[in-house]
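Trainee: I keep reading labels like "buried" and "perpendicular" and taking them on trust. Could we go through how they are earned?

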Amino acid sequence: MSKIIKEHQYEEGLQESKKWLENKYVGISSFTEWKNLNLNDIHISKNGMGSCFYQKPNERVKSKGKRIRIGLRGCDLFSTYLRKLPYLSPIGGIPIPRYLGYRHSLIHELTHFIQFLQKRTFSEVETTKNELEYLIETEPFYEHQLITYEEKKRQELEYKQYRGVK
């Protein structure tokens, strides 16, 4: 899997992710903050693992004054941790190219931004659902690697038994 994201792909990924969400959330493009969101509002950490949306970016040290933080090392594996969805990733996740993972992280964090702009409760179910829909729509190759909730439970139980955890 490629771990290289070319400089121009950061902007392309942001615009592609925004466009995908604008098609899903009618009217979101009328928000000035949404229209003005650009790469200057995103801290991209080449060594970081996690990604995050900040409601008040100037009040958080980790945000570095940015609205969104994307840790690129965490973009190499597609992993779902929610159980309220029809399909999930296996317990070890699905290895994906970093650029696809970057776009996934953007979909997730931009969904939080939409929830913030629309003054809605933050929901991990909605963000993860959007990630899954985006994956299946843009990269259908990965759909066959997704599993059911029952299969994930079976894998977790098997892993616990292997590790000797009760």
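Mentor: Let's take a few labels one by one, bearing in mind that this is a predicted model.

Trainee: Okay, what makes H1 and H4 roughly perpendicular?

Mentor: The axes of H1 (residues 7–24) and H4 (residues 124–138) cross at roughly 110° and come within 12 Å. Angles of 65 to 115 degrees count as roughly perpendicular, so that is the label for H1 and H4.

Trainee: Which residues meet there?

Mentor: From H1 you get Glu16, Trp20, Leu21 and Lys24, and they meet Asn130, Glu133, Tyr134 and Glu137 of H4. That splits into 3 nonpolar, 1 polar and 4 charged residues.

Trainee: Why does Gln155 count as buried?

Mentor: Buried means under 20% relative accessible area. Gln155 has 16%, so it counts as buried. Gln155 is in helix H5 and, beyond residues up to four places away in sequence, touches Pro90, Ile91 and Ile147.

Trainee: How do you know that the length of H5 agrees with what a helix should span?

Mentor: H5 has 15 residues (149–163), and at 1.5 Å a residue it should span 21 Å; the end C-alpha atoms are 21 Å apart, so the two agree. Right after H5 comes Gly164, with a positive phi near 80°.

Trainee: And which residues touch the most other members of the largest nonpolar core?

Mentor: Leu21, Trp34, Ile70, Tyr102 and Leu110, out of 35 residues. H3 gives the largest share of this core, 9 residues. Leaving aside neighbours within four places in sequence, Leu110 has contacts including Leu14, Leu21, Trp34 and Ile68.

Note on methods:
Residues are numbered from 1 along each chain as its sequence is written. This is a predicted model: local features need pLDDT of at least 70, side-chain atom pairs count only at pLDDT 80 or more; totals for chains, interfaces and linings use all residues. Side-chain values use heavy atoms; hydrogens and water are left out. Helices (H or I, at least four residues) and strands (E, at least two) are DSSP runs, numbered from the N terminus. The expected span of a helix is 1.5 Å times one less than its number of residues. Buried means under 20% relative accessible area, exposed over 50%, partly exposed in between (1.4 Å probe, protein chains only). Contact means heavy atoms within 4.5 Å. Axes are lines fitted to C-alpha atoms, for helices over the stretch in contact, and angles run from 0 to 180 degrees between N-to-C directions. Angles under 35 degrees count as roughly parallel, over 145 as roughly antiparallel, 65 to 115 as roughly perpendicular and the rest as oblique. Ala, Val, Leu, Ile, Met, Phe, Trp, Tyr, Cys and Pro count as nonpolar, Asp, Glu, Lys and Arg as charged, and the others, Gly among them, as polar. A nonpolar core is a set of buried Ala, Val, Leu, Ile, Met, Phe, Trp, Tyr and Cys residues joined through side-chain atoms within 4.5 Å.
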